[in-house]
Amino acid sequence: MNVMNRLLCGAALGLAVSVSSFGAWAETPANMLVIAHRIDDITTLDPAESFEFAGSDVSRNVYGRLVYLDPADLSAGYKPDLAESWEVSEDGMTITFTMREGVKFHSGNPVRAEDAAFSLQRAVILNKTPAFILTQFGFTPENVAETIKAEGNKLIITTDKKYATSFVLNCLTATIGGIVDMELVMANEVDGDMGNTWLKTNSAGSGPYTLGSWKPNESVTLVSNPDYYGGAPAMERVIVRHVIESASQRLLLERGDIDIARNLNPEDIAGVMEMDGLKVEDELKGRLMYIALNGNHPVLSKPEVRQAFKYLIDYEGMQNSFLKGQYTIHQNFLPATYLGASDENPFSLNIEKAKALLAEAGVEGLEIEAGVREAQERIEIAQSLQNTLAQAGIKLNITVGTAKQILGRFRARDLDVYLGAWGPDYPDPQTNAGTFAYNPDNSDAANATGLLAWRTAWNPGDLTEKTAAAVTETDRDTRIKMYQDIQAEFRETSPFAIMFQQIEQSALQENVMNFSTGQAVTSAAYWQVTK
Amino acid sequence: MSAQDMSNGRRPGRAPLSHALWPLLKTTLRTLGSVAVTLLGLLFVTFIIARVMPIDPVLAIVGERASQSTYDAVYHQLGLDKPLIVQFFYYLWDVLHLDFGTSLLTAHPVSQDIARVFPATLELATLGITIGILFGVPLGVLAAVRKGSWIDQIARVVALIGYSMPIFWLGLMGLLVFYGVLGWVGGPGRVGIFYADVVPPVTGMILLDSLIDGNLEVFRDAFSHIILPASLLGYYSLAYISRMTRSFMLEQLSAEYVTTARVKGMSEWHVIWRHAFRNIRVQLITVIALSYAGLLEGSVLTEIIFSWPGIGSYITTALLSADMSAVLGGTVVVGLIFILLNIFSDLLYKIFDPRAK
């Protein structure tokens, strides 16, 4: 063996030994929660502006609110958080919150009624994307000083008319209801932005966690707040790592480098289910998959044709094949787990019945266009629809495009059929009822592009009034009944065929307990997690 | 000595300083001019492509539920209602002030984002190309020298696999075997969770920063995370570099001067490395520079599989989210890298090939 060969062999051996010594950790520490998740949708951490899923997860754990949804009992609805109690005036327009005593922000500043008033006023004045959640109660930048005010330990909010108390309080559990530390935020104000620029990447909350760091498209680190009024969380540090690829998330989970993988595809979920030491948990999320038929179309606007379409969807076939584990059949505009949700799913694939309905409407040789955004599951649903419609003699041409192309046309009422997805904005039934079943002016001039009913060129008739009435009903049970009635009528008469509700499947180490992604109503919570 | 020289008081035989500097100045000016024109062209083309793409930056900001008035307000605020050429000049003005705008996705200035993600790519690409050169060049030379032998056949197969195997598949297989099964290397990410933010960022490259900080534990962990993706990229570079090296070498080895050298009794080592290889250096520089530029551009799939927060995945995520400021900023940086590597190659030509002077 010559010198060169000896050198090469030695180098190779050395490399092998040194590389093999790089061992991965067998498991994460007992007081640390490591999650793999897609977090590239975080654009801001300011609760007055944040409106994305991953950002809401951060906000829910960092900011206290007046009222909150308990991850251990989501079905119970809102519970007191920074507000210890509240009273509603006789006219139903004023709610007076009594603030919890002795709670401090992460900065050490006390949480006061002034901070709560400032936070809500600030959200209205900044008027960022989610501001409508508050401004729908009549708050404007001009009147917030009067309509949202602090008096001693009380926060008093006055709405422009009487609303269901549950509606107002449900909205206050949303991200925009996060209470910020006024002193800290205003100390970081630049050019009158009320600290918006600073709060995009920093935190000023009083929740169970404080923001350690946010590295865009890389990680979010939360550090426990030992002074949290509800008790210090068991997980002292939560690290959410941005891992896009499902297979990579699975490998990290199997190697014990993470505790939770939140974006596994059905194949990887199936693989994880077979492994010892790992488990899979399902939670229903708020996202709905639906098709909308254009009310301006001479044929699609006929009631029989709308009905026929609802019998021409292979709900079960899709649920049990390419949507397996990811979506479940749901035919109502309120997602399951929402107040007033209905579990009635009366439609199933029935070609003969659909043909009879089409014949009744005098439809023959119909050819229409469906717009679909370029997402795999939506394209597959469109293809399934194309197949079943063809069996009833309807030719469906599928146009696939970007949001700009497809959504732009839907907003302009230009598509025959739109296949889309919709997620609720806040945990109250009005969030979906107010867009699916409410359209006070269906004229083109109204240009109410924010309303799905308008985009579909559909006049919901008395449903608009019923929806408006439901938001003012103060009795919870009556309100539930109202939404169920609205949905029953909506199912039969509307040009919308709601098809599926999303399921989120998380894969976890077996020792991780009490993790909640927030179901359909809220975001992920970490403070109750134990290992 | 002429009378004029005498009158200028200069010493005979030495050219005036301005005469000596002039060619250098001319070359520098020409290079800078060329860079400026190329960059301007790049900016223009990228800007136009970004504007005609079926992506709606307004929708990305306001969300799909926004009312028409909100949509119109943001449309106006972004200046999209102005003529395209006016928009371009506004953009150009900002870029000249090193202002690429603010990313919608990260809420940070794009320049700040690039300063964060580019070192990650630079670190990965540099290690990758180093591996590619260290193994690719000797393999190519060996394959040429032993043309038709089993070594040549192996080199061909190695290169063929490198060319044809999808990087996505190879990356996942690598992770599965070396991380998932054997546990030899670290998993996805630049560093283990225990070492994140342990060393202060100086260069943004964790290997270097940990050395600067003298923290060998972090260095070892970072190395265990980078070695697999870097080897993967190195393998793809190796495939290209080795085939090109083989081809260049075969051309040289069949030249008459090589035969003459052998006839003169020179050792084979001397003939191959001192004569034939010396003559392919210029061509090889181009090949390596192009490979390196390709890696620096960001290997998106590798970055996705290994959760590597580099410029490739940054631009891709931005593109998919209609974050056009980030897309434009990233593209300009990538273009700049290509230009700089070209200039660097030209300089190396002049060093290695006197004719290029």
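In this predicted model, strand E4 of chain A and strand E5 (residues 94–99) of chain A pair with each other in the antiparallel sense, and five bridges join the two. Within this part of the structure, Val88(A) stands opposite Ile95(A), a residue of E5(A).

The pair belongs to a wider arrangement, since four strands of chain A form an open sheet in the order E4-E5-E7-E6, with antiparallel pairing. At the edges of this sheet stand strand E4 (83–88) and strand E6 (148–151) of chain A, and because each has a single partner strand, one side of each is left without a neighbour in the sheet. If direction is ignored, neighbouring strands of the sheet are turned against each other by 20 degrees on average.

A helix accompanies these strands: helix H3 (residues 113–126) of chain A lies across E5, E6 and strand E7 (154–158) of chain A, and its direction makes an angle of about 170 degrees with E6(A).

Chain A also meets a second chain, for 41 residues of chain A are in contact with 42 residues of chain B. On the side of chain B that touches chain A, at least two residues each are supplied by helix H3 (57–62), helix H8 (167–181), helix H10 (216–253), helix H13 (300–305) and helix H14 (311–320) of chain B. The largest share of that side, five residues, comes from H8(B). The table sorts the side of chain B that touches chain A by residue class.

| Class, side of chain B that touches chain A | Number |
|---|---|
| Nonpolar | 21 residues |
| Polar | 15 residues |
| Charged | six residues |

Key. Residues numbered from 1 in each chain as written. Chains lettered and ligands numbered in written order. Predicted model: local features only at pLDDT ≥ 70, side-chain atom pairs only at ≥ 80, totals over all residues. Contact = placed C-beta atoms within 7 Å. Nonpolar A, V, L, I, M, F, W, Y, C, P; charged D, E, K, R; others polar. Pairing = 2+ DSSP bridges. Axes fitted to C-alpha atoms, helices over the stretch in contact; angles between N-to-C directions.
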